[in-house]
Structure formats: structure tokens, C-alpha cells
Amino acid sequence: MTTMTEHVEQDLRAAGLRCTAPRVAVLSELRAEPGHWRVDEVAAAVRGRLGRVSTQAVYDVLDALEDAGLARRVQPAGGAARFEARTTGHDHAVCRSCGAIVDLEPGSRSPRRLPDVGDGFVAEAVELTVWGRCATCAEAATSEDRAVVVTDPTPHPDPPE
Ligand SMILES: [Zn+2]
Ligand SMILES: [Zn+2]
């Protein structure tokens, strides 16, 4: 059976990257838990494996992985960069309240067609970002509204003695 580490090393080599310990650790962490990781989150996980690794070193590894097509950077406007191991084309929905990022499955909207930008611009990808609120934040917002409606502002009188 091929272990995940062996897979990671194979993929690094296939992408023309040397298998340094930080690269193996970063890519293994990204793959171990699918999602959209902030650099500091990746760094914390990698430190759990390797001990002292600077956040900048982790950032450099993520950059290299992105260049090699082994990781994808997601950077919603105004948000911190996130990285994910899922590099196949998919779009994202971003929660305005907590910043949670949800993958949109391919096919959840009409096929992306490259626009003709003109001026010799060579279009390579179209990304869609859906902004809104995740279920948790939407629920919290609704109960806040409800709280405003049901809260009785009159102070309760002390019980008679
Ligand atoms: Zn949220
Ligand atoms: Zn994603």
C-alpha cells in the first residue's frame, strides 16, 4: 500500500520539486484535511510535525506548491490568502461574517467560458466568488433579529417582599 507521504513525495517529484521536509509536511497537511487553510494554520500544523519552522518558510513552500500546481491559493477580496490541495477548477462561496469558504461543486453553475477580454489579453481562467453568510452566521443573524423582537425592554420589578 502506498502511504500518503509516498504519494506526496511522488507528486512533488513529478512536479519537479525536491522533497524537502517542509514541502512534504505542508502538502501532507493540506491533503490530510481538505479545506482552505490560512498560512498561520498551515504553519501551526507543520510545526506539529517538524518543530520550528518559520511562517515565512511555510509561505515560501505554499508559493512553490502553487507554482507547481499542487496547491491552489484562494484570496477573497479583503481576506487573508488561503491555500487548498484541491487544485481542480471549482469556485467558492465566502461568508462575509466569519470568512468561511465553501467549495462550489463544478456544475453548480453554467460552464465557465473564457471571455474575450480584447487588447490581446489571453484569458486563462474565470473564477466566481459567491458572497453571503454561512449557515452558522445566517442562523446567528436570524436569532439576533429574533432576540431584538422578543426582548422585553421593561425592567422586571423586584418581587414583593
Ligand atoms: Zn460564517
Ligand atoms: Zn476550494
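Which residues touch the most other members of the largest nonpolar core? Keep that question in mind as we walk through this predicted model.

Let's start with the overall layout. The protein has 5 helices and 6 strands. Read from the N terminus, its elements follow the order α-α-β-α-α-β-β-β-β-β-α. The protein is 161 residues long, and 16% of them are buried. If you consider the contacts in the protein with a separation of 6 or more, 47% of them link residues that are 24 or more positions apart.

Now to the opening question. The largest nonpolar core contains 19 residues, and those touching the most other members are Val-26, Leu-27, Leu-30, Val-42 and Leu-62. Four helices each supply at least two residues of this core: α1 (4-14), α2 (21-32), α3 (39-50) and α4 (55-67). Of the elements, α2 gives the most, with 5 residues. As a general background, nonpolar side chains in soluble globular proteins tend to be buried together.

Leu-62 is a good residue to find in the structure. Setting aside its neighbours within four places in sequence, Leu-62 is in contact with Val-26, Val-39, Val-42, Ala-71 and Phe-83.

Next, look at how the helices pack, beginning with α2 and α3. Their axes are 9 Å apart, and the angle between them is about 120°. These two helices are therefore oblique to each other, and their crossing is right-handed. On the α2 side, the meeting residues are Ala-21, Pro-22, Ala-25, Val-26, Glu-29 and Leu-30, while α3 brings Val-42, Ala-45, Val-46, Arg-49 and Leu-50. Sorted by class, the residues of this contact are 9 nonpolar and 2 charged, with no polar ones.

From α3 we can step on to α4. The axes of α3 and α4 come within 9 Å and cross at roughly 105°, which means that α3 is roughly perpendicular to α4. Here α3 takes part through Val-39, Asp-40, Val-42, Ala-43 and Val-46, and α4 through Thr-55, Val-58, Tyr-59 and Leu-62. This contact has 7 nonpolar residues, 1 polar and 1 charged.

Two residues help to tie the picture together. Val-42 of α3 meets α2 and also belongs to the contact with α4. Leu-62 belongs to the α4 side of that contact, and Val-42 and Leu-62 are both among the core residues that touch the most other members.

Notes. Residues numbered from 1 in each chain as written. Chains lettered and ligands numbered in written order. Predicted model: local features only at pLDDT ≥ 70, side-chain atom pairs only at ≥ 80, totals over all residues. Buried ≥ 20, exposed ≤ 12 C-beta atoms within 10 Å, placed from the backbone. Contact = placed C-beta atoms within 7 Å. Core = buried A, V, L, I, M, F, W, Y, C linked by C-beta atoms within 7 Å. Axes fitted to C-alpha atoms, helices over the stretch in contact; angles between N-to-C directions. Parallel < 35°, antiparallel > 145°, perpendicular 65-115°, else oblique. Left-handed = near helix turned anticlockwise from the far one by under 90°. Nonpolar A, V, L, I, M, F, W, Y, C, P; charged D, E, K, R; others polar.
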